[in-house]
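Me: Please take a close look at one part of this model for me: the place where the ligand sits. I am a first-year student, so keep the steps short.

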Amino acid sequence: MYYPHNPALWDEEHEIFRQTFRRFLEEEVEPNVDRWIEIGGPEPEFWLKAGEVGILGVDIPEEYGGPGGDFMYRMVIAEELGYSPAGASMGPALIGDGCSEILYRNGTEEQRRKWLPAMVKGEARAGLAITEPASGSDVASMRTTAVRKGDEWVVNGSKTYISNAKDAKFFMVGCKTDPAAGAQGISVIIVEADRGGFQLGRDLNKMGNHASNTAEIFFDNVHVPAGNLMGVEGKGMGILLGGVNMDRITWPLIGHAAATRAFHETVEFVKNRNSFGQPVFEFQNTRFKLAEIKTELAVGRAFLDEIIRNYRANGKLDMELCAMAKLWVCEMEGRIIDQCVQFHGGAGYMDEYNVSRLYTGARLHRIFAGTSEIMRLIISRTI
Ligand SMILES: Cc1cc2nc3c(=O)[nH]c(=O)nc-3n(C[C@H](O)[C@H](O)[C@H](O)COP(=O)(O)OP(=O)(O)OC[C@H]3O[C@@H](n4cnc5c(N)ncnc54)[C@H](O)[C@@H]3O)c2cc1C
């Protein structure tokens with residue numbers, strides 16, 4: 001079985017980048033992750049280092065300060081991050097860099113010039129703010145508003161569960177600019193964190209991913225220039241869903257790699273752990289369940305590879321396939337890691353064993369970037 005990737009699908013440059021990113025994880029992330037778990041994420045210097053090494057804004061063109069790669073580089077990051085022992089704690093923190101791709105794809109020339117070079121250098125982090133206390137899956141029912149007054153937008157409302165809110169310099173905020181128009185009345189407005197009336201709320205305590213901060217944010221008559229509108233007024237839903245669609249391949253890639261990591265660690269564990277006078281590996285129950293896990297991983301890998309191949313051939317992601325991958329692979333990841341914890345016995349519940357953090361990290365993957373139920377809804381619409 002290929003792991004963590006199928007080399008035949010990637011160019012030499014992707015592989016060189018893979019080595020760079022893996023080394024970065026080993027040298028700069030993994031040794032520090034326990035500290036970041038304590039303090040809720042990396043210090044600002046970490047992001048500057050990440051910028052120097054060239055792992056931020058990997059698909060941003062050179063004219064905006066990026067290396068000019070393609071989305072394949074983001075997939076490399078997902079696979080390697082998922083397999084890293086730090087991945088289960090750092091997922092949203094590192095994947096949040098995808099905001100630069102959303103801004104590049106949808107921002108005005110002025111917005112691109114203002115933000116992208118700083119994002120690529122690690123000087124400016126950003127948040128994508130969609131979810132609200134009363135609306136998550138049902139994005140169109142959001143209540144945050146932006147009202148045009150002269151050459152400004154005035155934003156009011158609140159968002160919750162926003163990844164990287166604590167260190168974001170700005171947010172791409174889903175707002176109703178025409179509340180009567182439902183989904184067609186949503187626009188995306190850039191709101192800088194230093195605007196009057198903006199307030200960062202609590203850093204929320206979570207089950208896992210403790211080295212990634214997640215917070216509430218509030219807007220009380222926040223005035224931003226009219227030029228902070230991203231794309232076309234009323235077309236925000238497309239921008240938000242475009243960003244989420246990208247996540248719907250990123251998270252299954254992370255999830256598959258995380259499940260593979262759990263499998264590898266479990267095989268090692270059960271071969272060394274004895275019970276009733278023999279290694280746990282020798283019980284037929286263990287061998288059969290591990291055989292099933294290995295098979296499921298191979299099936300998942302083949303499906304993900306098909307999506308990658310499809311992307312290479314067409315230059316775009318197929319939304320239905322991505323929804324299927326997000327549903328199936330993340331559900332599979334949950335089943336596999338749960339079984340891997342079981343094979344570890346009590347050790348599986350202890351954070352000193354990677355499967356413990358992999359378990360709480362994986363639980364997120366069926367919820368955000370669209371829950372498994374929403375994936376079923378999307379797929380069922382195509383039947
Ligand atoms: C750690 C973390 C980080 C996050 N980061 C961000 C971020 O950066 N930006 C952001 O905007 N959001 C973020 N989110 C929010 C996340 O995207 C939402 O939690 C998710 O979309 C689900 O929305 P909800 O929590 O409101 O649940 P709800 O939508 O209230 O869902 C509750 C339950 O109802 C089910 N349900 C809802 N609608 C249907 C339906 N039509 N049919 C069947 N079942 C349905 C859901 O599947 C779920 O099981 C984050 C969440 C977490 C936990």
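Reply: Start with the domains. Domain 2 (126–234) and domain 3 (238–380) both give residues to the shell around the ligand, so the ligand lies between them. Keep in mind that this is a predicted model.

Now look at the shell itself. It holds 19 residues. The closest are Thr131, Ser137, Tyr161, Thr371 and Glu373. Sort the shell by class, and you get eleven nonpolar, six polar and two charged residues.

Next, find the backbone contacts. Leucine 128 has a backbone N or O atom 2.8 Å from a nitrogen atom of the ligand. For tyrosine 161, a backbone N or O atom also lies 2.8 Å from a ligand nitrogen. Tyrosine 161 is thus named twice here: it is among the closest residues, and its backbone makes this contact. Glycine 136 faces an oxygen atom of the ligand instead, with a backbone N or O atom 3.4 Å away.

How much of the ligand does the protein bury? Taken alone, the ligand exposes 980 Å². The protein buries 63% of that area.

Which elements give two or more residues to the shell? They are strand S1 (125–129), strand S3 (152–163) and helix H12 (372–380).

Put the picture together. The ligand lies between domain 2 and domain 3. Strands S1 and S3 and helix H12 each give two or more residues to its shell. Backbone atoms of leucine 128, glycine 136 and tyrosine 161 lie at the distances given above.

Terms used. Residues are numbered from 1 along each chain as its sequence is written. This is a predicted model: local features need pLDDT of at least 70, side-chain atom pairs count only at pLDDT 80 or more; totals for chains, interfaces and linings use all residues. Side-chain values use heavy atoms; hydrogens and water are left out. A residue is near a molecule or strand if one of its heavy atoms lies within 4 Å of it. A polar contact is a pair of N or O atoms within 3.5 Å; within protein, one must be able to donate a hydrogen and the other to accept it, and residues adjacent in sequence count only if both atoms are side-chain atoms. Accessible areas come from the Shrake-Rupley method with a 1.4 Å probe; for residues, only the protein chains shown count as cover. Helices (H or I, at least four residues) and strands (E, at least two) are DSSP runs, numbered from the N terminus. Ala, Val, Leu, Ile, Met, Phe, Trp, Tyr, Cys and Pro count as nonpolar, Asp, Glu, Lys and Arg as charged, and the others, Gly among them, as polar. Domain bounds come from an automatic or database domain assignment.
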